[in-house]
Amino acid sequence: MKNKDFENGIPEFLTDQKCSEKSANTLKKYEHGVRRFVDAIPADCEITKEHTLAYKETLLNSGYKPSTISSYIIVMNKYLKWLGVPDLRVKQLKVQRKSSLSDVLTPDEYKRLLRKARAYGQQDTYLIMKVLANTGIRIGELKYFTVENLKCNYLQIDNKGKIRTVPIRQDLARELRKYCRDKKIRAGTIFPGKHKGKQLTVSTIWRRLQKLASELKIKKSKIHPHSFRHLFAKQFLKENTNGLAELADILGHESLETTRIYLVSTDAEKKKKLEGLKY
């Protein structure tokens, strides 16, 4: 097979993945990864294992994070298998499990963020942080918090075709219902933005959080799309030492290995334990 054969197969490959119900983001990632690979292989010769190994070597020398390199290799291998040339695949990059979590929001920092949001009168920002930190949902799943869904204490969340049940704490549900009554929000999203019927945008939410963090002198790197999800997971396992499988269900992880990262302590937590050692 030559470069043009790899190039010509891309549209059909993406169509097949779409028919397999891959999400729009996954399809975009596949297309970017496959096109990057095709652009890197020679134009006018038969493609061999030497070429795919050379591409892997290019990735290794690119300066990308190991997780990014691994992602590119996975996409390339998937495409090669689909094309019927599995022998051209290369070995996956072995990424060592992290021994420490970094830039994790602490409970104290979370409480300070809540207080600052209330002081500014940003009740919606305050409640959004409470929702994220008390349910472990992804920021993109905030759309499931509607007036209608608050009528029960469990949310059915559909993410990438995987439906999971997320419990809502009684105190949080009461606080959200009171907020809706006070703001006269009778239907739809609990956190409306400027446009009628539309939720606050993710960019607006994180811009507000970054501003709060800056004023509180909290590292901005701790305020990222998964920061409150990380906090929720760490606190859940702290209170439920044998609750790894339950946490995986709540977070929507297919593999316990994905959830196991939350068993890893931060560097600060390790240091605190060492300071407490007595001989």
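Contact here means heavy atoms within 4.5 Å. With that in hand, show the whole protein: residues 24 or more positions apart account for 59% of its contacts with a separation of 6 or more.

This is a predicted model, where local features need pLDDT of at least 70 and side-chain atom pairs count only at pLDDT 80 or more, while totals for chains, interfaces and linings use all residues. Residues are numbered from 1 along each chain as its sequence is written, and side-chain values use heavy atoms, leaving out hydrogens and water.

Next, switch to cartoon. You will find 12 helices and two strands (DSSP runs numbered from the N terminus: helices are H or I of at least four residues, strands E of at least two). Along the sequence they run α-α-α-α-α-α-β-β-α-α-α-α-α-α. The C-alpha atoms fill a box of roughly 70 × 60 × 35 Å along the principal axes.

Now colour by burial. Of the 279 residues, 40% are buried (under 20% relative accessible area, with a 1.4 Å probe and protein chains only).

Then select helix 8, residues 202-215. Its end C-alpha atoms are 20 Å apart, which agrees with the 20 Å expected for 14 residues at 1.5 Å a residue (the expected span is 1.5 Å times one less than the number of residues). Show side chains for Thr204, Ile205, Trp206, Leu209, Leu212 and Ala213, the buried residues of helix 8. What covers them? Add helix 5 (107-119), helix 6 (123-135) and helix 9 (227-239), which are among the cover.

Finally, step past the end of helix 8 to Lys217, which has a positive phi, near 60°.

Methods:
Buried < 20%, exposed > 50% of the residue type's maximum accessible area, 1.4 Å probe, protein only.
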